[in-house]
Amino acid sequence: MSVKAKKSPTKTKVRKEREVPEVKLIPVYVMGKRYEVPEGLTLMKAMEYAGYRFIRGCGCRGGTCGACGTVYRKPGDYKLQVALACQKTVEPDMYITQIPFFPANRAQYEFAELTSAPEEVFKLYPELFRCVACNACTKACPQGIQVMDAISALKQGNIAEASRLSFECIQCGLCTSRCFGELAQYHMFQLARRIYGARIVPRAEHLADMVKAVNEGKYDNILNELKRVKKDELTKLYQEREEEPVTAGEDWRPKDKTYL
Amino acid sequence: MNLAYYPGCTLKTKAKNLEEPAIASMEVLAFKMEEITRWNCCGAVHSLADDDLIHQVAPVRNLIRAREQKKNELVTLCSFCFNTLKRANLLMKANAEKRNTINSFMDDEIDYSGEVNVVHLLEVLRDEIGWEALAQKVKLPLRDLKVAPYYGCMLLRPREVAIDNVEDPGILRKLVEALGATPVDFPESTRCCGSYQIISDPGVISAYAWNILSSALSHGAEALVLSCPLCDYDLGQGQKELVKKRAEFKGMPIFYFTQLLALALGLDPQVCHFELNYGDPESLLREKNLLS
Amino acid sequence: MSVTISSKRMGSEFVKKVKELSGENLNLCYQCGMCTGVCPAASNMDLSPRQVIELARLGMQKEIAESKTVWICASCLACTVNCPRGFDLSKLMEAIRLLTLRKNVDHVKPEQVLPEKRDDIPQIAMVSGLRKFTG
């Protein structure tokens, strides 16, 4: 709400009526209660339009944080659908609720003590074996991840595959909310990805070499030189720098080879 | 010839010594075992409740995968997987009401009514290769190796899934003979090893193991041959306890039938992964000059 | 063991539920004892398999609930293939287990399996055990 400015008695102007475009309102049911909201809004904005103020169930508003997991249904259809409230556009007669949090089991562990063996996942999450491959988790995933397949990979001891399949996971918890076996899929996947990244994936050798070179002082001279340069000169150097083209191949080299 | 193959979770981690010699041996016998793609855990046990359909979904899903991939036959190595897949398959064939409910529940999959046949590798050896043909391919006859065939439960029970005569099975005996070894029949060859009781009541497993192993021993067996990773684990763990408790018992090597097959076909013993076996099979094999 | 048999008990909810879950005709059993004879776990059980059928048929819910027999059963199906009347006792055992498990009372907890065992225990042991003993 804006504060009305004090009108100066000598400078009163008649404000022109602004043209407000016609906005179509559509009905939507939030937790069973009917509201009319403008078409074209996301579910999240629609709920805010209706008067809900988010203190939970809202985060990045950009489809990445997993806070706004929402379950909805359309009339005449018994099937449950899922979406992220910040991404999904509202549709007429949507029947929605949010599941901002689900009490999923999160094992306690010291990551530094874990090896790359799949048994680490078995030991920390033995309920993994309660999966009955019903596929409810896959149906509940707003990111389109093949959740059942990823759990299957974990059961088979394939951490790499489980990490690959669960890459898009944003930890919204909707899978756990529907799971017949009460598994916390997203926590298991996070453990798998941590093990994969820290223990299985090969180290970038060129990065290690570069870090070594830097620590050994290979680039000290250049850095000290640049530190001595005055601001104007530095700006000029920056603006005139030679940039590696986006399409450059492995064998691209700069024209000025002094600093290589 | 290609065989559509369902491994099951355990073969990929704990039972490499069942899977690898199988694949290698079948190649020598001109069969390529091709894993079906996107398979999931079959659930290990068949649900025995009349109204329970959710536990049939896991095995049926695998049968659907086989069907999608245009396979008529699905081969398994693990006895438990064989039993679960076959019982689910029979249910889908026989019971229209349950079939319809399961199919409509699995609305993200094609419909299935039992089109795929589930077989165990032993059946393939007996029916599609034949014992005589197999015997001719043997390069290293396992002479003087007295090995007791142990079936456990899942290959022979219930009667609808049995791969051989329920009371007097002979399929493992025929295999052992074809490989040049001496089969030792003993009365407890179909007695249960304790199965999943290893997680709820591990204390009884060594008693069950003693019933089986002592009977085999007293009939002159030097080793046991089996097909199921759970039997292998139960008997193996049971053995460890027994060796501690009974001074006269020194343990008994336990083989997977695929390991004996690979060895007899003259394959590199590395593929058998004997280091994963219980009861020190390598010493026994060296004694019989079957391993250098 | 003295018991009171009544038609009221035999028609109870418990008996109906057990018949429904197992899908088996409890009246087939003529108490020959073959099941107990072939059961590899019978020596550890307090009620023998034969006794379990009879008590189930008579609606003796309390005695069955107090018994450990169904939790010692390993579903080996020896009883099933040997019954001269074709009664599938393994299904009755499962039905009785489910009466407890479906009330959200688990017989085993996943974390109960000793940590030192979980490293080498094959997945089928965990999957089958949890399927039979948790709801």
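How many residues of domain 1 of chain C are in contact with how many residues of domain 2 of chain C? I would like to start there, and I should say at once that what we are looking at is a predicted model.

Chain C is divided into domain 1, covering 7–103, and domain 2, covering 107–135, and the answer to the opening question is that five residues of domain 1 of chain C are in contact with four residues of domain 2 of chain C. On the domain 1 side of that contact in chain C, the residues by class are two nonpolar, one polar and two charged. Taken over C-alpha atoms, the centres of these two domains of chain C are separated by 24 Å.

Let me turn to chain A, which is also described in terms of domains: domain 1 spans 25–98 and domain 2 spans 111–200, with their C-alpha centres lying 27 Å apart. Here the contact takes seven residues from domain 1 of chain A and eight residues from domain 2 of chain A. On the domain 1 side, strand S4 of chain A, residues 81–84, gives the most, with three residues, and that side as a whole has four nonpolar, three polar and no charged residues.

Next, the contact between chains C and B, to which chain C gives 34 residues and chain B likewise gives 34 residues. On the side of chain C that touches chain B, at least two residues each come from helix H2 (13–22), helix H6 (69–72), helix H7 (78–82), helix H8 (89–101) and helix H10 (123–133) of chain C, and of these contributions the one from H10(C) is the most, with 10 residues. By class, the residues of that side of chain C divide into 19 nonpolar, 10 polar and five charged.

Finally, I want to look inside chain B, where helix H2, residues 16–28, packs against helix H12, residues 257–264, at an angle of about 40°, their axes being 8 Å apart. H2(B) is therefore oblique to H12(B), and the crossing in which H2(B) passes H12(B) is left-handed. If you would like to find the packing in the structure, look in H2(B) for Asn17(B), Leu18(B), Pro21(B), Ala22(B), Ala24(B) and Ser25(B), which meet Thr258(B), Gln259(B), Leu261(B) and Ala262(B) in H12(B). Sorted by class, this contact of H2(B) with H12(B) has six nonpolar, four polar and no charged residues.

Technical notes
Residues are numbered from 1 along each chain as its sequence is written. Chains are lettered from A and ligands numbered from 1 in the order in which they are written. This is a predicted model: local features need pLDDT of at least 70, side-chain atom pairs count only at pLDDT 80 or more; totals for chains, interfaces and linings use all residues. Two residues are in contact if their C-beta atoms, placed from the backbone, lie within 7 Å. Helices (H or I, at least four residues) and strands (E, at least two) are DSSP runs, numbered from the N terminus. Ala, Val, Leu, Ile, Met, Phe, Trp, Tyr, Cys and Pro count as nonpolar, Asp, Glu, Lys and Arg as charged, and the others, Gly among them, as polar. Axes are lines fitted to C-alpha atoms, for helices over the stretch in contact, and angles run from 0 to 180 degrees between N-to-C directions. Angles under 35 degrees count as roughly parallel, over 145 as roughly antiparallel, 65 to 115 as roughly perpendicular and the rest as oblique. A crossing is left-handed if the near helix is turned anticlockwise from the far one by less than a right angle, and right-handed if clockwise. Domain bounds come from an automatic or database domain assignment.
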